[in-house]
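Trainee: Could you take one part of this chain and go through it slowly with me, residue by residue, saying what it touches and what surrounds it?

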Amino acid sequence: MINRIDAVTLKHGQILHHVTKLNRDNTPLRVRVTGKVQTWKTRPDEFKIPVKYGLYESGYITQDNADYWVIA
């Protein structure tokens, strides 16, 4: 589970694992942090982590889905 304090300390290239989703070889789904974590002064509980997975897929981890991710 990632909270805002953990999210701010993440570095570029760090690996995160999904709690429930698995790859075809039964290892946890892995994503790589690809940029700076975005935070807001007006909404202190919110954050947005840019991630990449696979060859071409990318997305974001936010406070809404952070419960499904752990730091590897």
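**From a salt bridge to the paired strands**

Mentor: Let us begin with Arg43, which has a relative accessible area of 37% and is therefore partly exposed, and keep in mind throughout that we are reading a predicted model. Arg43 sits in the loop that lies between β3 (38-39) and β4, and its partner is Glu46, with which it forms a salt bridge whose closest N and O atoms are 3.3 Å apart. Since a salt bridge requires such a nitrogen and oxygen to be within 4 Å of each other, this pair qualifies because 3.3 Å meets that limit. Glu46 has a relative accessibility of 25%, so it too counts as partly exposed. A search of the whole structure finds 1 salt bridge, and this contact between Arg43 and Glu46 is a salt bridge that you can locate in the picture. If you then look from Arg43 to Asn23, you will find their C-alpha atoms separated by 34 Å, although the two residues are 20 residues apart along the chain.

From there we can turn to strand β1, which covers residues 15-22 and includes Val19. β1 runs antiparallel to strand β2 (residues 28-33), and 4 bridges join them. You can follow this pairing through individual residues: Ile15 has Arg32 in β2 as its bridge partner, while Leu16 stands opposite Val31 in β2. The hairpin formed by β1 and β2 has 5 residues between the strands, and Asn26 is found in that loop. Asn26 deserves a pause, for its phi is near 65 degrees, a positive value in a residue other than glycine. Asn26 has a relative accessibility of 61%, and because exposed means over 50%, Asn26 counts as exposed.

The pairing of β1 does not end with β2, for β1 also pairs in the antiparallel sense with strand β6 (residues 69-71), this time over 3 bridges. Here His18 is the residue to find, since it stands opposite Trp69 in β6. On its other pairing, β2 is joined to β4 by 2 bridges, and these two strands run antiparallel; in β4, Val51 is the bridge partner of Val33.

Several of the residues we have met return in the lining of the largest pocket, which has a volume of about 200 Å³. Among the residues that line this pocket are His18, Val31, Val51 and Trp69, and the list also includes Lys21, Leu29, Tyr53, Gly59, Tyr60, Ile61, Asn65 and Tyr68. If you sort the lining by strand, β1, β2, β4 (47-53) and β5 (57-62) each supply at least two residues, and the largest share, 3 residues, comes from β5.

Finally, look at the outside, where Val19, Tyr68 and Val70 make a nonpolar surface patch of about 260 Å². Val19 brings us back to β1, the strand in which it is found, and Tyr68 takes part in two of these descriptions, being a member of this patch and also one of the residues lining the largest pocket. When you go through the picture on your own, you might start again at the loop between β3 and β4 that holds Arg43, move to the hairpin of β1 and β2 with Asn26, and then trace His18 across to Trp69 in β6.

Conventions
Residues numbered from 1 in each chain as written. Predicted model: local features only at pLDDT ≥ 70, side-chain atom pairs only at ≥ 80, totals over all residues. Heavy atoms only, no water. Salt bridge = Lys/Arg side-chain N within 4 Å of Asp/Glu carboxyl O. Buried < 20%, exposed > 50% of the residue type's maximum accessible area, 1.4 Å probe, protein only. Patch = residues over 30% accessible without salt bridge, like charges linked within 9 Å, V, L, I, M, F, W, Y side chains within 5 Å. Areas by Shrake-Rupley, 256 points an atom, 1.4 Å probe, with all protein chains shown as cover. Pairing = 2+ DSSP bridges. 1 Å grid on protein atoms, 1.4 Å probe; cavity = no way out; pocket = protein on both sides within 12 Å on 5 of 7 lines; lining within 4 Å. Points joined across faces, edges and corners; volume = space filled by probe spheres on them.
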